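Thanks for making the time. I'll go through one structure this morning, strand by strand, and then look at some side chains.

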Amino acid sequence: ADTTLHDDINTTGAQTYGGTLTLAGDVRLTSAGSIGFTGSVTGPHALTLVAAGGTNFGGAVSIASLDVLRAASLGNATITTSGAQHWRGALGLIGNATLTSTGGGLLRFDGAIDGPGSLIANTAGATEFGGAIGATQALATLTTDAAGSTTLAGNVRTSGALTVNDALTLARNATLTAGSGT
């Protein structure tokens, strides 16, 4: 069923949203369990997620900004924001994910990112990877767009191509290992 949210929600159990979730205001979802989205998430507002059991995205997201304070997993997901995306916990790529900021917002990943899926990061702004990528399980591929910049602060391992199309900065020593690519 489709759902429209105007206000914050705080639960002791899991939250699952199927169908289309429309944000009618800036919303913070907090759960002592997990938060799952099996359908799409839309609306010109910010979404903040705090889930002790992690957050799972399985569909398309098109919102103003996204802040995920704990671990998350992405199926075959396309997440588009007009502003920033901040992924503060570990990120598991179960499927292939495309994360885009259409307004040149920051794409920031504080934690480890593991595969087996692929990740495409698109922004005219900065993309910052603060943790290891593919340390536990290699990503299939990792690609950044030509606009903006990319900062890596950890090792990167992919089974396929590792393609950084924009300016690259290494925040510390890092080993980049790719099955193929640049």
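I'll start with a definition: two strands pair if DSSP finds at least two bridges between them. By that rule, β3 and strand β6, residues 35-37, pair in the parallel sense, and they do so over 3 bridges. Within that pairing, Y17 stands opposite F37 in β6. Please keep in mind throughout that this is a predicted model.

Now the sheet those strands belong to. In what order do the strands of this open sheet run? There are 6 of them, with parallel pairing, and the order is β3-β6-β9-β12-β15-β18. The edges are β3, residues 15-17, and β18, residues 113-114; each has a single partner strand, so one side of each is left without a neighbour in the sheet.

Next, strand β19, residues 119-123. In a regular strand the side chains alternate between the two faces of the sheet. Which side chains of β19 point to the buried face, and which to the other? L119, A121 and T123 share one face and are buried, while I120 and N122 point the other way and are not buried.

β19 has pairings to report with two strands. With strand β16, residues 97-101, there is parallel pairing over 5 bridges. A97 has L119 in β19 as its bridge partner. With strand β21, residues 142-144, β19 also pairs in the parallel sense, over 3 bridges. There, I120 has T143 in β21 as its bridge partner.

Staying in β21, take T144, which lies in that strand. T144 has a relative accessible area of 1%, so it counts as buried, the cut-off being under 20%. Its side chain makes a polar contact of 3.0 Å with the side chain of D166. Setting aside neighbours within four places in sequence, T144 touches A121, F129, T150, T163, V164, N165 and D166. A121 on that list is one of the buried side chains of β19.

A121 also turns up around L107, which sits in strand β17, residues 107-109. How accessible is L107, buried or exposed? L107 is buried, at a relative accessible area of 0%. Outside the four places either side in sequence, L107 is in contact with Q85, L99, S101, A121, N122, T123, A126, T127 and E128. W87 is 20 residues away from L107 in sequence, and the two C-alpha atoms are 8.1 Å apart.

Then S31, in strand β5, residues 27-31. S31 is buried as well, with 4% relative accessibility. A polar atom of the S31 side chain lies 2.9 Å from the backbone nitrogen of G33. Beyond four places in sequence, the contacts of S31 are T11, G13, A14, Q15, V50, A51 and A52.

On to charges. Side chains of opposite charge can pair when their charged atoms come close. How many salt bridges does the model have? The count comes to 2.

One of them joins the side chains of D67 and R88, at 2.6 Å from N to O. D67 lies in strand β11, residues 65-68, and R88 in the loop between β14, residues 85-87, and β15, residues 91-93, so this pair ties together parts that are 21 residues apart in sequence. D67 is buried, with a relative accessible area of 18%. R88, in contrast, is partly exposed, at 37%.

The other is between R108 and D110, with the closest N and O atoms 2.8 Å apart. R108 is partly exposed, at 33% relative accessible area. D110 is partly exposed too, at 28%.

Last item, the surface. Which residues make the nonpolar surface patch of about 250 Å²? They are L168, L170 and L176. L170 is located in strand β25, residues 167-170. At 45% relative accessibility, L170 counts as partly exposed.

To recap: there is an open parallel sheet of 6 strands, β19 pairs in parallel with β16 and with β21, and the salt bridges number 2. T144, L107 and S31 are buried, and L168, L170 and L176 make up a nonpolar patch on the surface. That is what I have.

Key:
Residues numbered from 1 in each chain as written. Predicted model: local features only at pLDDT ≥ 70, side-chain atom pairs only at ≥ 80, totals over all residues. Heavy atoms only, no water. Buried < 20%, exposed > 50% of the residue type's maximum accessible area, 1.4 Å probe, protein only. Helix = DSSP H or I, 4+ residues; strand = E, 2+ residues; numbered from the N terminus. Salt bridge = Lys/Arg side-chain N within 4 Å of Asp/Glu carboxyl O. Patch = residues over 30% accessible without salt bridge, like charges linked within 9 Å, V, L, I, M, F, W, Y side chains within 5 Å. Areas by Shrake-Rupley, 256 points an atom, 1.4 Å probe, with all protein chains shown as cover. Polar contact = N/O pair within 3.5 Å; in protein donor to acceptor, adjacent residues only side chain to side chain. Contact = heavy atoms within 4.5 Å.
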